[in-house]
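Hi everyone, thanks for coming. Let me put the sequence and the model up, and then we'll walk through a few spots together.

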Amino acid sequence: MKKETGEQKSDVLQMLLDLHKNQDSPSSLTMNQIKGILVNIVVAGTDTTSGSTEWAMSKLMQHSEIMEKVKKELNDVIGVNNTVEEFHLPNLRYLNAVIKETFRLHPVLPLLVPRCSARSLTVGGCTIPKGSRVFLNMWSIHLDPNIWDNPMKFQPERFLNEPEKLDFRGNDFQYVPFGSGRRKCLGINLGEKMLSFILASLLHSFEWKLPQGEKVDLSGNFGIIMGKKNPPHLIPTPRLTNLELYKRQL
Ligand code: HEM
C-alpha cells in the first residue's frame with residue numbers, strides 16, 4: 001500500500017509476500033503456504049463472527065429487559081441523531097458485557113481446536129499418552145456451577161462488576177472463548193471490535209421484532225463451529241429520528 005506521502009505501508013499480504021521473496025530466510029513461505037494462511041484467516045474469521053452476532057441477537061430478543069438496557073446505553077452514548085462510530089465502542093460497557101456473556105453461554109468453538117500432547121503427562125489423575133489428540137471442553141467450563149453463579153442464566157452484569165478479572169485473552173482459564181496458549185485466536189482484537197460495531201449498529205439503527213407467532217429458537221447446530229441451527233428471522237424498522245442518517249450509512 002502506498003500512502004499519499006509516497007511512504008510504503010505494509011499490510012498483512014505484503015508482509016507474507018516479502019517472506020516469499022526472501023527464500024534464503026528460515027521463515028520464508030511458499031505460495032501454497034501463503035494461500036493456506038489467507039484461507040485460514042478468512043474461514044476462521046467469518047462464521048465465528050457471524051455466528052456470535054446471531055447468538056447475541058437471539059439472546060437479546062429473548063430478554064427484552066436486557067435489550068432495553070442496551071438501547072438506553074446506545075441512546076446515551078451515541079444519541080438518536082447520530083450513527084455509531086468506532087470511537088463510541090469502548091464507552092458501550094453494557095453492550096460489551098452482553099457480548100462477553102454471549103461468548104460464555106454460546107461459544108462458537110466449544111471444543112476449541114484440537115491439541116496433540118507432545119509428551120505423556122498426568123492431568124487431574126488421568127494419564128494422557130504422548131501423541132493423544134486432546135479436545136478441551138471449554139463450554140462445560142463456561143457452565144460450571146463451581147465457577148459461575150447461576151451459570152445457565154443470561155446475566156451480562158456478571159461482567160460489569162470486575163471486568164479486569166474476566167478478560168478473554170486466554171489468561172483466565174475459567175473463561176476462554178478465544179482459546180488460550182500458542183494456538184489462541186489471532187483475530188481477538190478484530191473479532192471483538194467487529195462484533196461490537198455490528199451489534200451497536202444493528203441495535204442503534206433499528207427496532208427488531210420476531211415475525212408474528214414465532215418464538216426465539218436457541219438450538220445450535222453440530223459442527224466445529226457451533227452456530228445457530230436455524231438463523232433468527234427478525235424484522236427491522238427504523239429507529240433513528242433523522243432518516244437521512246440511513247443514507248449516510250449505505
Ligand atoms: C467473535 C469472533 C471470533 C471468535 C469467538 C473466535 C474464536 C476462536 C477460537 C476459540 C479459536 C481456537 C483457539 C484455541 O483453540 O485455543 C480461534 C482460532 C483462530 N481464529 Fe478466531 N475467533 C473469532 C474471530 C476471528 C477473526 C476475525 C479472525 C481473523 C481475522 C480469526 C482468526 C483465527 C485463526 C487464524 C485461528 C487459528 C489459530 C491457530 O490455529 O493457530 N478469528 N478463534
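**From a recorded site to an aromatic cluster**

Let's start with a database note: the unreviewed UniProt entry carries a "binding site" annotation that covers Cys185. Positions are in the numbering used here, feature names are shortened, and such annotations may be inferred rather than shown by experiment. Please keep in mind that this is a predicted model, where local features need pLDDT of at least 70, side-chain atom pairs count only at pLDDT 80 or more, and totals for chains, interfaces and linings use all residues. Residues are numbered from 1 along each chain as its sequence is written, and side-chain values use heavy atoms, with hydrogens and water left out.

So where is Cys185 placed? Cys185 is in the loop between helix H6 (158-161) and H7; helices here are DSSP runs (H or I, at least four residues), numbered from the N terminus. Is Cys185 buried, partly exposed or exposed? With a relative accessible area of 32%, Cys185 is partly exposed (buried is under 20%, exposed over 50%, partly exposed in between, with a 1.4 Å probe and protein chains only).

Now the rings. Phe103, Trp148, Phe159, Phe168, Tyr175 and Phe178 form one aromatic cluster; rings of Phe, Tyr and Trp (its six-membered ring) pair if their centres lie within 6.5 Å, and planes under 30 degrees apart count as stacked, over 60 as edge-to-face and the rest as tilted. Phe103 is buried, at 6% relative accessible area, and Phe178 is buried too, at 13%. Trp148 and Tyr175 are edge-to-face, because their centres are 6.0 Å apart and their planes at 70°.

Terms used:
Helices (H or I, at least four residues) and strands (E, at least two) are DSSP runs, numbered from the N terminus.
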